[in-house]
Amino acid sequence: MFEHYEVFARVGESTDIVRKEMYDFDDRGGRHLALRPEGTASVVRAFVEHRPTTPWKVWYVAPNFRAEAPQAGRYRQHYQLGAETLGSDDPDVDVEIITLQARFYEDLGLRQVRLLLNSLGDSESRPRYLDALRAHFAAHEGDLSEQSRQTLALNPMRVLDSKRREDQAIIAAAPAMADHLSDASAAHFERVQSGLRSLGVVYEIAPRLVRGLDYYTRTTFEFAADALDTAQNAVGGGGRYDGLAEQMGGPPTPGIGFGTGIERILLACDAEGVFAATEASVDAFVIDVVDGSAALELTHALRAAGVRADRAFDGRSMKAQMKQANRAGASVALIIGEQEVADGTVTVRDLESGDQTAVPRSDIIEHVRKTLS
Ligand code: HAM
């Protein structure tokens, strides 16, 4: 969960994730440490440290920490499931990684998830594109938000990621990476797309998709969950980071992977109604409005007979006990009032239909068992 601060500082010099949202501190030995904000830099650090044979395929589920303003789908601690492959820049690896993620959402039952795809180019295309972007934004600098003006000085590509209203028209008119790709990058991206098409993975080209970390090169992607109408509708994303291993002091080694947020997946599943409603843990609820002694005996007798039963305590009102029975998800309420005590009966109320029957106390267990089965 901890890494040396430098592991992340290098991968996000111009990103909010590293500059503004990272928890970092000096430990007792005076080391500058950071709580992991994401998994890829740690995986590449481990690769450089241990030098496994390639292709190296790894996966993880782990907590990450970002000091963001908490809101729905955006937490200071979130879990990510991720997969990474290091050691090959074959576009078929890109197809494999993206398809794995797409099928994972499909297998979960999510239907309203869209794959957005872009190429951020290689070391040959990037400087040309940055020049074009810099020129475009510089020409409109006066109209950009204060935040984007600062970002522009650090990395003009990150301005494309601004969500500020005043920046949107300028971003929409910005040059697209697709027009600045080197021949090699364009061919690589074409092969990724044809591979996805041949496997039936549906995608949309998103020319302004830049993602929130600095290490991305060539193929980048994000999965947007349309059932989440918050600003945080990305359930996952990833891409190539062909220069990262070398940047961390290892041999030049291309890599690609994805990360997907577990909490956001669960929110999307809830929004799409993917999971069946949780099963109630109680079938029969005993309501005693006399003195509770009938509830005491009857609840235990029901449980002994294998019926999932519960009751209220503290001599609560009929109304409060009924509410509790409904909240517990019980199918039947067994009601004991003065009248029932006098008659030696229990009133059985079907909580769905509202139908009531008086059942002799001696037959009640058998009656409830029959009703529930
Ligand atoms: P990321 O887009 O920053 O990428 O995060 C991946 C996913 O984690 C997001 O799409 C989102 O579902 C979830 N997530 C991120 N921040 C939060 C948060 N504060 N609260 C809840 N969920 C969150 C990465 O981290 C890259 N390491 C992905 C990757 C792997 N790229 C290559 N390999």
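The following dialogue discusses a predicted model of a protein with a ligand.

Modeller: In this predicted model, local features need pLDDT of at least 70 and side-chain atom pairs count only at pLDDT 80 or more, while totals for chains, interfaces and linings use all residues. Residues are numbered from 1 along each chain as its sequence is written, and side-chain values use heavy atoms, with hydrogens and water left out.

Colleague: What makes a residue part of the ligand's surroundings, and how many residues surround the ligand?

Modeller: A residue is near a molecule if one of its heavy atoms lies within 4 Å of it. The ligand is surrounded by 28 residues, and the closest are Glu38, Thr40, Glu68, Tyr75 and Tyr216.

Colleague: Why is the pair formed by Thr40 and the ligand called a polar contact?

Modeller: A polar contact is a pair of N or O atoms within 3.5 Å. A polar side-chain atom of Thr40 lies 2.9 Å from a nitrogen atom of the ligand, so the pair meets that limit. The side chain of His78 has an N or O atom 3.4 Å from a ligand nitrogen, and a polar backbone atom of Gly261 is 3.3 Å from a ligand oxygen. Taken alone, the ligand exposes 660 Å², of which the protein buries 96%; such areas come from the Shrake-Rupley method with a 1.4 Å probe.

Colleague: Which strand gives the most to the shell around the ligand?

Modeller: That strand is β9, with six residues. Strands β5 (77-86), β9 (234-240) and β10 (255-261) each supply at least two residues of the shell. Here helices (H or I, at least four residues) and strands (E, at least two) are DSSP runs, numbered from the N terminus.

Colleague: How do you know that the protein is more spread out than a compact globule?

Modeller: The protein has 15 helices and 15 strands. Its radius of gyration is 30 Å, well over the 21 Å that the globule rule gives for 373 residues, so the protein is more spread out than a compact globule. The radius is taken over C-alpha atoms, and the rule is 2.2 Å times the number of residues to the power 0.38. Along its principal axes, the C-alpha trace spans about 90 × 55 × 50 Å.

Colleague: Where is the cis peptide bond?

Modeller: The cis bond joins Thr54 and Pro55, with omega about -5°. Pro55 is in the loop between α3 (40-50) and β4 (56-65).

Terms used. Polar contact = N/O pair within 3.5 Å; in protein donor to acceptor, adjacent residues only side chain to side chain.
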